[in-house]
Amino acid sequence: MKIILSHDVDHLNWKEHYFRDLYLPGTLYRNTRALLNGSIDIKLYIKRLRLRGNINSLSDLVKFYEQKELKATFFFGMANALKLSYHHKEAAPWIKMLIENGHDVGVHGIEVKNGKNIKYEYESFKQLSGLESFGIRTHYLRLSGYTYSQFEQEGYTFDSSVQGLFFPFKIGSMWEIPISIMDASLVKNFMTNLNEEEWKSKSQNVLESAEKMGLPYFVINVHDNYLSPEYNTIKSWYVNLVEDLQNKGYEFITFKEAVAELQSK
């Protein structure tokens, strides 16, 4: 079983949320509630409400992966919805930086039904990245009855919007490579769950189940903005998970490499 590391880039900077959506009041509400019920302390509360500068942890992740000699796949939004509010052109320098550092990038898709809008996101990313071949993961893992065929017809080489322990399967010429584990669904109340042992045990259980099934790929999806001091439990869990997998001798590959393997069989 090979490990695929991936990140959904939902946020770039705090300023993109000032007047475009309700992410800021939502952040205030969630953390105030967590403070009042004792899930987080006042120091962490204040740290999380420092609403300026970058939200993303992309630069830190690049440094981390450079130290570990690993590559990951990062999915960027080309349209807006559900608290993803940056303009796609604002992602251009980040996409360029990641490509220059040897990482893969893809589309964090918003549209799942309208063919014209799906095409717009595909073409926008193609122009920004300069890539001819790339994949998609939908925002909030949204899918419709038509999404698979439309993504395949547009030219995406893979999709990773299905979550669960499933073998890769093909839709036309496009591969579906499911997410095995994701931060937002691994533990209850993940943004305020500071019990790192629970994080570790839950991920270990999923890993063992995947091994027993004989899955060829184990896909890890963690939103990059949670790999920060404001969410140190998630960051610590992820760093330890990656290091543990390396120490156990697992091979790490990217989606692009996985697709090449699947196509060759």
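User: In this predicted model, is Tyr 156 buried or exposed?

Analyst: The model is a predicted one, and for Tyr 156 the relative accessible area comes to 1%. A residue counts as buried when that value is under 20%, so Tyr 156 is classed as buried.

User: With which ring does Tyr 156 form an edge-to-face pair, and what is the angle between the planes?

Analyst: A pair of aromatic rings is described by the distance of the centres and the angle of the planes. The centres of the rings of Tyr 156 and Tyr 122 are 5.0 Å apart. Planes over 60 degrees apart count as edge-to-face, so the pair with Tyr 122 is given that name, its planes being at 85 degrees.

User: Which parts of the chain does this pair tie together, and how many residues apart in sequence are they?

Analyst: Tyr 122 belongs to helix H5, and this residue is buried too, with a relative accessible area of 6%. Tyr 156 sits in the loop between helix H6 (147–154) and strand S5 (158–159). The pair therefore ties together helix H5 and that loop, parts whose separation in sequence is 34 residues.

User: Which residues are linked by ring pairs into a cluster with Tyr 122 and Tyr 156?

Analyst: By the rule used here, the count of aromatic pairs comes to 16. Ring pairs link Tyr 122 and Tyr 156 into a cluster, and the other members of that cluster are Phe 125, Phe 134 and Phe 151.

User: Of the aromatic pair Tyr 18 and Phe 19, which residue is exposed and which is partly exposed?

Analyst: These two rings form an edge-to-face pair, 6.5 Å centre to centre and with 80 degrees between the planes. Tyr 18 has a relative accessible area of 39%, which makes this residue partly exposed. Exposed means over 50%, and at 81% relative accessibility the residue that counts as exposed is Phe 19.

User: Why can the buried residues of helix H4 be said to lie on the same side of H4?

Analyst: In helix H4 (residues 92–100), the buried residues are Trp 94, Ile 95, Met 97 and Leu 98. They are on the same side of H4 because the arc they cover around the axis is only 160 degrees. On the other side of H4 there are exposed residues, namely Pro 93, Lys 96 and Glu 100. What covers the buried residues includes helix H3 (58–68), strand S2 (73–76), strand S3 (104–109) and helix H5 (115–129).

User: Which residues does Asp 104 contact, leaving aside neighbours within four places in sequence?

Analyst: Asp 104 lies in strand S3, and its relative accessible area of 13% makes this residue buried. Once the neighbours within four places in sequence are left aside, the residues in contact with Asp 104 are Ala 72, Thr 73, Phe 74, Thr 254 and Lys 256.

User: How much space lies in the largest pocket?

Analyst: The lining of the largest pocket has 20 residues, and those nearest its centre are Asp 10, Tyr 140, Ala 184, His 223 and Tyr 226. This lining divides into 10 nonpolar, six polar and four charged residues. The space in the largest pocket is about 350 Å³.

User: Which helix gives the most to the lining of the second largest pocket?

Analyst: About 270 Å³ of space lies in the second largest pocket, which is lined by 13 residues, including Arg 30 and Arg 33. The lining is made up of five nonpolar, five polar and three charged residues. With five residues, the helix that gives the most to this lining is H1 (residues 23–36).

Notes
Residues numbered from 1 in each chain as written. Predicted model: local features only at pLDDT ≥ 70, side-chain atom pairs only at ≥ 80, totals over all residues. Heavy atoms only, no water. 1 Å grid on protein atoms, 1.4 Å probe; cavity = no way out; pocket = protein on both sides within 12 Å on 5 of 7 lines; lining within 4 Å. Points joined across faces, edges and corners; volume = space filled by probe spheres on them. Nonpolar A, V, L, I, M, F, W, Y, C, P; charged D, E, K, R; others polar. Helix = DSSP H or I, 4+ residues; strand = E, 2+ residues; numbered from the N terminus. Buried < 20%, exposed > 50% of the residue type's maximum accessible area, 1.4 Å probe, protein only. Arc of directions from axis to C-beta. Contact = heavy atoms within 4.5 Å. Phe/Tyr/Trp six-rings, centres within 6.5 Å; stacked < 30°, edge-to-face > 60°.
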